[in-house]
Amino acid sequence: MSGAGQVGRIPLRNIWFLFLYAADLARFIGRFDAEVEESPELPDLIARLLCHAVELRLRRNLSRGYRPRSDVLSRVRGRIELMRTERNLLLDRGRIACRYDEHTLDTPRNRLVRAALEALTSRVSTSDRAHSCRTLAATLGRLGVQGGRPSRSELATDPIGRHDAEDRLMVTLAEFVFDLVLPTEDTGDQRISAADKEERLVRELFEKAVRNLLAAELGPEGWSVRPGGRLNWPIEAATPGIAAILPAMFTDIVLEHRGQCRRIIVDTKFTGIFTRSRWRETLLKSPYLYQIYSYLRSQARTGDSLSMTAEGILLHPAIDADVDETAVIQGHNLRFMTVDLTQPNAVIAAR
């Protein structure tokens, strides 16, 4: 259960820290500490910061975009639609059909922000914060930003470039509202409980934050940090039906340092690292051990020198213990680690 300023057992400031790294917004670390400490719940924090970001963009002018228009005008604008002009005898009336791009504030990203503000009005815990969200949404409406959440395909047509990077925090917070703060919109009988919602929230942030934090910290030291992907089984002979039933292998993070001749596969798990058996109270979870072992051994081949000594790390939050243990198995170093997400952010980053 969440307490004030917490999600599960994790302080809200640490959720914010994970969010910034997960969203590749690490440059904002430290800028909103007061707002984080004063927010009792996650929706209130997101609403507070989204309102701040929108107000800032309104003072500096919202980013505009272009949308295609087709109108009958009294003068040429853009490209002339010859067929439409001739068919409707528009020239006889001193008119002409044109197709052009209109400069507008009604862009997918601005519609997403307005929709997020409207959605938050019913989720925040104070009437003042709800009023702020409602007022800013109305302001966007008066500026011509239409209501309704844009589709993912519409958002894909409105990418954030380097020249309008100031929109990134505002848009990312708006996306966060729908992806992780609000209840599921999926159809059907299943509903996500508050506890399940919180667990999914932190699990997704944890996985993405680890990858981006490693890239930020290890990149300058010569490491390449890339998202994992699908690994292929080294099959030499197979029956026709094996491909349909063989489990897929997907890694989370792959680190490489050519100068040090090292490759490390990092697999994040948002569960306790230990289980128990009839005979032992404390035991590494065997499915995860088998998984990381398969990742390493299945990819070892003589034509890839790094694969022969590749290392593996299982990284868990410190739910039931603080662990940092290693073992070398068949030439592969395996490390089993936890990170305590209740600690100060600097401690988490250092770990």
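Which backbone nitrogen does the side chain of H257 reach at 3.1 Å? The tour below returns to this point after a view of the whole chain. The model is predicted, and residue numbers count from 1 along the chain.

**The whole chain**

Begin by colouring the protein chain by pLDDT. The average is 87, and 92% of the residues score at least 70. Next, select residues 184-192, where pLDDT stays under 50. For this stretch the model has 6 contacts beyond four places in sequence. Where pLDDT is low, the predicted coordinates should not be read in detail.

**The domains**

Now colour the chain by its domain assignment. Domain 1 consists of two segments, 6-64 and 107-189. Domain 2 covers 66-104, and domain 3 covers 196-350. With C-alpha atoms used to place the centres, domain 2 and domain 3 are separated by 59 Å.

**An open sheet**

Select strands β3, β5 and β4, which form an open sheet in the order β3-β5-β4 with antiparallel pairing. Which strands stand at the edges? They are β3 (65-73) and β4 (79-80); each has a single partner strand, so one side of each is left without a neighbour in the sheet. Move then to the pair made by β3 and β5 (residues 96-104), where 9 bridges join the two antiparallel strands. To see one bridge, select S70, whose partner in β5 is R99.

**The cysteines**

How many disulfides does a search of the whole structure find? The search finds 0. Select C133 together with C51: the sulfur of C51 is the nearest cysteine sulfur to that of C133, at 3.8 Å, and C133 is in no disulfide. Because a disulfide requires two cysteine sulfur atoms within 2.5 Å, a separation of 3.8 Å does not qualify. C133 has a relative accessible area of 0% and is buried. C98 is likewise buried, at 0% relative accessibility.

**Residue H257**

Finally, select H257 in strand β9, which spans residues 253-257. Is this residue buried or exposed? H257 is buried, since its relative accessible area is 12% and the cut-off for burial is under 20%.

Display the polar atoms around the side chain of H257. The side chain reaches the backbone nitrogen of Q260 at 3.1 Å, which settles the opening question. A polar atom of the H257 side chain also lies 3.1 Å from the backbone oxygen of E221. To complete the view, show E221, G222, W223 and R262, which H257 touches when residues up to four places away in sequence are not counted.

Methods. This is a predicted model: local features need pLDDT of at least 70, side-chain atom pairs count only at pLDDT 80 or more; totals for chains, interfaces and linings use all residues. Side-chain values use heavy atoms; hydrogens and water are left out. Helices (H or I, at least four residues) and strands (E, at least two) are DSSP runs, numbered from the N terminus. Buried means under 20% relative accessible area, exposed over 50%, partly exposed in between (1.4 Å probe, protein chains only). A polar contact is a pair of N or O atoms within 3.5 Å; within protein, one must be able to donate a hydrogen and the other to accept it, and residues adjacent in sequence count only if both atoms are side-chain atoms. Contact means heavy atoms within 4.5 Å. pLDDT is the predictor's confidence in each residue, from 0 to 100. Domain bounds come from an automatic or database domain assignment. Two strands pair if DSSP finds at least two bridges between them.
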